[in-house]
Amino acid sequence: LCFSSVPGRVRVAVRLRPRTAEESVADADFADCVELQPELKRLKLRKNNWDTDTYEFDEVLTEFASQKRVYEVVAKPVVEGVLDGYNGTIMAYGQTGTGKTYTLGRLGEEDTANRGIMVRAMEDILAEVSPEIDSVLVSYLQLYMESLQDLLDPTNDNISIVEEPKSGDVSLPGATLVEIRDQLSFLELLRLGEAHRHAANTKLNTESSRSHALLMVHVKRTVKGREPAHSSDNGNSTSMARSLRPPLVRKGKLVVVDLAGSERIDKSGSDGHTREEAKSINLSLSALGKCINALAENSAHVPVRDSKLTRLLRDSFGGTARTSLVITVGPSPRHRGETASTIMFGQRAMKVENMLKLKEEFDYKSLARRLDIQLDKLIMEHERKQKAFEVEIERIKAEAQNRISEAERNYADAVEKERLKYQKDYMESIKKLEEKWMMNQQNQGNERKEQMVHIAEEVAEVKKLLSKETSLRKAAEEEVDNLKSQLAQLKMSEASANSEILKLRKMVEDEVCQKEKLEGEISMLQSQLLHLSFEADETRKRLDRGGPGKVPGGLDSPVSQVRSQLKDSGNGEKASVAKLFEQVGLQRILSLLEAEDADVRIHAVKVVANLAAEETNQQKIVEAGGLKSLLMLLGSSEDETIHRVAAGAIANLAMNGK
């Protein structure tokens, strides 16, 4: 593979769309926001009635410029470069409704003069390639909501982008590739792709594209008339070298990008799903703008991975492709902000430098096909000679067969004579053997009698063994009957064991029910304990509030009544705690000090404190390990109420210890 590099700046052309019918009415009293000077290749953007900004571009196309003129100044140089082996990109950028799709993708079915860049580019490519030795392959894709989809196969809606680690080239291995032989098949392909492309009706455009469309054309051309740099003096060697030299091919890729239009949601009136589409379009265009800015400023970092669009156009801006950008603007002063943004995008793109690379390589596949043809010819010649050789072999074989037949006849006669001779000798030998056999038979008669006596003795011995085996068999049958009776007893034992197991299972179920009942009673006692602890706390608070002091006149009697009630309730509480102490047990109350629930621990420590306040209970609490449990609770808990109540209970128990 051979590369030759040539520097090339991104070329930018601006195209003005005529006023629409709606703009002619709405902006009738206002001048256009742009003024074109095509002879100077300048554009003036009107800031107000007396001030303008001037910009220069590579080409300035007025609203009267024909589609043919646009193709010749924008796309034709790129298409010629692709035919020569360079990569090329043609891209349209601008606000929605300014004519991007019209410029690139118009089919010209009603009027051929309206054919867009895609159709005209394919016409030029097909006119230059040779169908016998060259190839043209086409893919048609759309980038919709950051999902790369195949317009020729809608089911293929998530195509991956692969980047070569060394060269940085971008490829799409999952995209459909269609070979184009004529213009009609290409137009049919474009119609199929446009039918699958996403579009919507907005205030700015009745057929607003909601996705970025990418047409990729892969052109492979064989270079004719290229001779090697050296030749041999030997004619045969030169002929052999020519036959073994692969043809030189050039590979170019043309990418035509119809970007979805940038839009302001408040102007386009997008809502719901259309609003989400607009957000995705604006984000991808913003990422493209950031890459253009970084390249224009020669920044060390270009954020090409921020969007799939920038990854797909990596070769178009700052890469190896010849890139031509056409920015489309409208004349309406209401959209002056969007027009200014489009113009600035084009100005920054003009500062981007690409390094164009010619891609040439030897077509070893064509060489292989040519060698296959030569091989087929050699095989046919070999088969012809092989057939003549086989005919000669057949002739020699027939002659040899005749000779063999004659030799076989002579051999058969000699064999027959020998057979008759040996047959005569055989019959004589048979007679001699029969006589000898008769003599042997007489001798063997005596020996056979002796053998019969020996056999009779062996039969008697076998009968003895058989009777012994019969007695052993009877003993074995008796043993089997005994084992059967034991097996019946075991089955009876198993039945009784099963009944015992059922009884035990019922007892276990009763124990489980009893356990659940006891757990319910324990839960009820715990709730009673908590309730009593809460009542004790409330009573202590009321007693603390109703302490000694002066009572205003006239209130002495009610206060006395309250104190007596509190005293009675205190006595009742102590009686309840004592009753609970007797019913539940001290050990179970102390176990609640280690409960996981903080409220349960608080109420439990209050009950223990109430019990520790009476001297009759202090010794029992200490013996039951209550002092140790209170100390552990005091060290492990951070609750102030637990600290205060536990400290009081420990003090009472400590005094008892003294």
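The following paragraphs lead through a predicted model, from the chain as a whole to one enclosed strand, several salt bridges and a single buried serine.

The protein chain contains 17 helices and 18 strands. Of its 658 residues, 35% count as buried. The accessible surface of the chain amounts to about 40,900 Å², and carbon and sulfur atoms account for 54% of that area. Sequence separation gives a further view of the fold: among contacts between residues at least 6 apart in sequence, 72% join residues at least 24 apart.

Strand 7, residues 88-94, offers a clear entry into the interior. Seven of its seven residues are buried, so the strand is largely enclosed by the rest of the structure. In a regular strand the side chains alternate between the two faces of the sheet. Both faces of strand 7 are covered. On one side the buried residues are G88, I90, A92 and G94, and on the other they are T89, M91 and Y93.

The pairing of strand 7 involves strand 16 and strand 17. With strand 16, residues 248-258, strand 7 pairs in the parallel sense over five bridges; here T89 has V255 as its bridge partner. With strand 17, residues 322-329, the pairing is likewise parallel and runs over seven bridges, and G94 stands opposite T328.

From strand 17 the chain can be followed to a salt bridge. The side chains of R334 and D27 meet at 3.2 Å, N to O. R334 lies in the loop between strand 17 and helix 10 (336-349), while D27 lies in the loop between helix 1 (21-26) and strand 3 (34-37), so the pair ties together parts that are 307 residues apart in sequence. The two partners differ in exposure: R334 is partly exposed, because its relative accessible area is 38%, whereas D27, with a relative accessible area of 1%, falls under the 20% limit and is therefore buried.

The model holds 25 salt bridges in total, and helix 11 supplies examples of local ones. In this helix, residues 364-545, R384 and E381 are three residues apart, about one turn of the helix. Their closest N and O atoms are 2.4 Å apart. E381 counts as partly exposed, at 33% relative accessibility. Also in helix 11, E477 and R473 lie four residues apart, again about one turn, and their side chains form a salt bridge at 3.6 Å, N to O. E477 is partly exposed at 42% relative accessibility; R473, at 59%, is over the 50% limit and so counts as exposed. Elsewhere, salt bridges that share partners join E163, R305, R311 and R314 into one network.

The last stop is S307, in the loop between helix 8 (273-296) and helix 9 (308-312). Is this loop residue buried or exposed? With a relative accessible area of 5%, S307 is under the 20% limit and is therefore buried. Its side chain reaches the backbone nitrogen of L309 at 3.2 Å. Leaving aside residues up to four places away in sequence, S307 touches E146, S284 and A287.

Technical notes:
Residues numbered from 1 in each chain as written. Predicted model: local features only at pLDDT ≥ 70, side-chain atom pairs only at ≥ 80, totals over all residues. Heavy atoms only, no water. Helix = DSSP H or I, 4+ residues; strand = E, 2+ residues; numbered from the N terminus. Buried < 20%, exposed > 50% of the residue type's maximum accessible area, 1.4 Å probe, protein only. Polar contact = N/O pair within 3.5 Å; in protein donor to acceptor, adjacent residues only side chain to side chain. Contact = heavy atoms within 4.5 Å. Areas by Shrake-Rupley, 256 points an atom, 1.4 Å probe, with all protein chains shown as cover. Pairing = 2+ DSSP bridges. Salt bridge = Lys/Arg side-chain N within 4 Å of Asp/Glu carboxyl O.
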